[in-house]
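Reader: I've just opened this one and could use a guide. Can we go through it in questions and answers?

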Amino acid sequence: MKKHWVIEKQNLKLNDKLAKALGISSITAQVLINRGIKDEAEAELFLKSTLFDLPSPNLLKGMDKAVERIERAIQRKEKIAIYGDYDVDGVTATSLFYTFLKNLGVNVTYYNPDRLKEGYGVNIQAIEKLKSEGVSLVISGDCGITAWKEVEDAKKLDVDFIITDHHKPPEMIPEAVSVINPHQIGCSYPGKEIAGVGVIYNLAIALRRALRESGFFRKARPEPASSSGETAHDRNEPNLGDYLDLVALGTVSDCASLTNVNRIFVKEGMKRMLSPKRPGITALKEVSGIEGEVNSYDIGFKLGPRINATGRLQSAGVAVELLISQDLKKSRELAKILNQENSKRQNIEEDIFLDAVSLIESNPEFLESNSIVLSSPNWHAGVIGIVATKLVERFQKPAILISIQENGVGKGSGRSIEGINIYAALSECKELFEQFGGHELAAGISIKEERIDEFRKKFERAISESAGDFVSMIKIDDVVDLTEITDEVVSELELLSPFGIGNPEPVLLAKSLEVISERFFKEKHLSLKLKQKDRVFDAVWFNLKETIKVPNRIDMAFTPEFNVWNGKKEVRLRIKDIDY
């Protein structure tokens with residue numbers, strides 16, 4: 001056994017109740033219980049939730065003031081700018097609200113800062129540039145909650161700010177026209193887990209409703225033709241379902257919890273990605289090698305990284321242009337650029353990863369510690385977050401990589417494992433930073449080079465005190481016989497998707513399985529044919545780090561799934577771990 005297996009506590013009484021009430025198997029009922037479901041109503045909502053189950057956007061604190069200010073800007077024909085972060089969440093938030101306003105006939109532009117030249121968040125130089133272009137209202141997407149000074153400076157330029165963000169608010173909230181953030185004190189919106197694109201999508205819903213009530217979308221009365229022969233046009237009310245592809249893309253890519261509101265967003269958004277209306281998504285699927293359905297893995301590991309590529313290495317502008325493009329030919333050209341940038345990013349990332357692993361494995365202190373903090377002046381600041389994720393997967397402990405800039409200040413990106421709050425640990429070191437921000441599983445810092453050693457020690461103490469012993473484990477949802485794994489059960493389990501953080505794939509345990517045959521393919525995957533009683537299944541273990549010899553009988557942790565090959569659909573068992 002490579003990992004520690006933890007079998008979830010069974011609740012036979014509730015299991016039986018859910019299975020009978022919903023007409024589902026005991027396996028599916030137990031998985032629902034393990035996801036926190038306490039009664040039939042919650043279970044039915046989990047399985048059958050739709051867009052009609054979304055909470056009102058007006059529950060978000062600050063929504064009324066934001067809508068009122070945007071309505072006034074539309075009436076006055078003011079120029080509006082969407083100021084978004086350079087990651088996928090920020091890019092999708094920018095693209096969504098830009099497209100929404102553009103479709104309303106609003107004079108709108110967008111701005112995403114250069115990661116290396118400008119860094120994260122709002123900067124006054126960008127606001128001055130937007131002001132010179134005639135902008136009087138800036139709406140942030142996935143950033144701005146710490147921009148107290150920048151908002152004050154913008155006021156002096158007669159530029160108003162509406163902030164939409166989802167990062168943890170500091171003690172001092174910017175005094176903008178409106179601040180919309182589900183985590184701010186006094187906000188009653190129940191979907192605290194929404195990403196930045198989810199926040200700005202709620203703003204679009206609320207604004208559309210207000211415009212509808214004011215008569216904005218009513219058929220325009222015919223007017224006399226102008227000297228140019230033009231007449232008034234009707235205003236079409238936008239279908240906000242068409243924007244859910246962007247919400248899903250940003251939410252999954254930002255590692256947001258796929259529960260509650262996010263689960264509805266992503267589930268509905270992935271439906272729109274099957275046959276996309278957005279040319280940019282069509283082109284992105286093509287270069288990513290995705291045909292037909294899109295799942296959360298495709299978003300997180302194929303689509304998202306390509307959107308992120310230009311923002312990590314330079315500017316996010318190409319990614320935004322792709323997602324707002326209405327022309328398929330142009331979209332394919334932009335997607336090709338993103339694909340090429342992603343390949344460059346992968347090469348840079350691999351070099352940094354190998355360098356970091358070498359540093360860790362050559363230093364006993366790093367191997368024995370409960371956290372990883374490494375720095376180098378040779379690392380590209382745009383990709384260290386991805387490398388930190390890989391280090392977390394390999395060493396099963398929080399990791400922070402710091403790229404030291406020419407001015408002696410390090411830009412750091414950190415990632416954590418589920419259950420270890422990296423933001424809370426960084427908060428205990430905040431006096432050492434120039435600035436920091438983030439959430440439970442991912443965070444960023446800015447720190448002077450001479451303070452890194454002190455930070456490493458203090459961060460290690462904070463992680464050690466909060467985490468206890470680190471054990472790589474697999475949570476088992478249920479112990480089953482292979483005879484129970486039917487097409488109907490696998491179909492039921494698929495209804496629990498999308499899977500990801502907060503809603504992991506179901507993992508089952510089957511014991512004493514007979515190994516009929518085994519083979520390795522492509523030098524890293526293991527294929528087994530397994531038998532229990534009268535049932536025989538194909539099983540596959542992807543991306544093994546080393547070749548193993550499998551005995552004649554094993555216990556196996558696995559996820560059942562449908563595999564379609566040559567037009568034939570069969571149940572396959574995807575191996576998570578084995579014991580013998």
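Reader: Let's start with H9: how many of its residues are buried?

Author: Before that, bear in mind that this is a predicted model. The buried residues of H9 are Leu 244, Asp 245, Leu 246, Val 247, Ala 248, Leu 249, Gly 250, Thr 251 and Val 252. That leaves the helix mostly covered, and the count of buried residues is 9 of 10.

Reader: How does H9 lie against H10, roughly parallel or oblique?

Author: H9 covers residues 244-253 and H10 covers residues 260-274, and their axes come within 7 Å. They cross at roughly 125°, and the crossing is left-handed. An angle between 115 and 145 degrees is neither roughly perpendicular nor roughly antiparallel, so H9 counts as oblique to H10.

Reader: And how many nonpolar residues are in the contact of H9 with H10?

Author: On the H9 side, the contact includes Leu 244, Val 247 and Leu 249, and on the H10 side it includes Phe 265, Val 266 and Met 270. Charged residues take part too, among them Asp 245 of H9 and Arg 272 of H10. Sorted by class, there are 3 polar residues, 3 charged ones, and the nonpolar ones number 9.

Reader: Which residue following H9 has a positive phi, and is Asn 260 buried or exposed?

Author: Most residues other than glycine have a negative phi. After H9, the one with a positive phi, near 60°, is Cys 255. Asn 260, found in helix H10, also has a positive phi, of about 50°, and is not a glycine. Its relative accessibility is 55%, and over 50% is the mark to pass, so Asn 260 is exposed.

Reader: What about Gln 396: where does it lie, and is it exposed or partly exposed?

Author: Gln 396 has a positive phi as well, near 55°. Its place is the loop between helix H16 (384-395) and strand E8 (399-404). With a relative accessibility of 28%, which falls between the 20% and 50% marks, Gln 396 is partly exposed.

Reader: Moving to the sheet, in what order do the 5 strands come?

Author: This is an open sheet with parallel pairing. Strand E3 (108-111) and strand E6 (178-180) each have a single partner strand, so they stand at the edges. Neighbouring strands are turned by 20° against each other on average, direction ignored. Reading across, the order is E3-E2-E4-E5-E6.

Reader: How many bridges pair E2 with E4?

Author: E4 has 7 of its 7 residues buried. On its E5 side, E4 is joined by 3 parallel bridges, and Val 138 stands opposite Phe 161 in E5. On its E2 side, Ile 139 of E4 is the bridge partner of Ile 82. E2 and E4 also run in the parallel sense, and their bridges number 6.

Reader: Which residue in E6 stands opposite Ile 162?

Author: Strand E5, residues 160-164, runs parallel to E6. The two are joined by 3 bridges. Opposite Ile 162 you'll find Ser 178.

Reader: Which strands of the sheet does helix H8 touch?

Author: Helix H5 (residues 88-103) packs on the sheet and touches E2, E3 and E4, with its direction at about 165° to that of E2. Helix H8 (residues 196-213) packs on the sheet too, and its direction makes about 130° with that of E4. The strands H8 touches are E2, E4, E5 and E6.

Reader: H8 meets H4 as well; what is the angle between them?

Author: H4 takes in residues 63-75, and its axis is 10 Å from that of H8. The crossing is right-handed. Residues that meet include Val 67 and Ile 70 in H4, and Leu 203 and Leu 207 in H8. By class, the contact has 10 nonpolar, 1 polar and 1 charged residues. H4 is oblique to H8, and the angle is about 60°.

Reader: Which residues does Ser 369 touch?

Author: Ser 369 is found in the loop between helix H15 (364-368) and strand E7 (372-376). Its relative accessible area is 13%, so it counts as buried. Not counting residues up to four places away in sequence, Ser 369 touches Lys 397 and Glu 460.

Reader: Last one: which residue does a cis peptide bond join to Ser 497?

Author: Most peptide bonds are trans. Here omega is about 5°. The partner sits in the loop between helix H19 (487-494) and strand E14 (508-521), and it is Pro 498.

Terms used. Residues are numbered from 1 along each chain as its sequence is written. This is a predicted model: local features need pLDDT of at least 70, side-chain atom pairs count only at pLDDT 80 or more; totals for chains, interfaces and linings use all residues. Side-chain values use heavy atoms; hydrogens and water are left out. Axes are lines fitted to C-alpha atoms, for helices over the stretch in contact, and angles run from 0 to 180 degrees between N-to-C directions. Helices (H or I, at least four residues) and strands (E, at least two) are DSSP runs, numbered from the N terminus. Angles under 35 degrees count as roughly parallel, over 145 as roughly antiparallel, 65 to 115 as roughly perpendicular and the rest as oblique. A crossing is left-handed if the near helix is turned anticlockwise from the far one by less than a right angle, and right-handed if clockwise. Contact means heavy atoms within 4.5 Å. Ala, Val, Leu, Ile, Met, Phe, Trp, Tyr, Cys and Pro count as nonpolar, Asp, Glu, Lys and Arg as charged, and the others, Gly among them, as polar. Buried means under 20% relative accessible area, exposed over 50%, partly exposed in between (1.4 Å probe, protein chains only). Two strands pair if DSSP finds at least two bridges between them.
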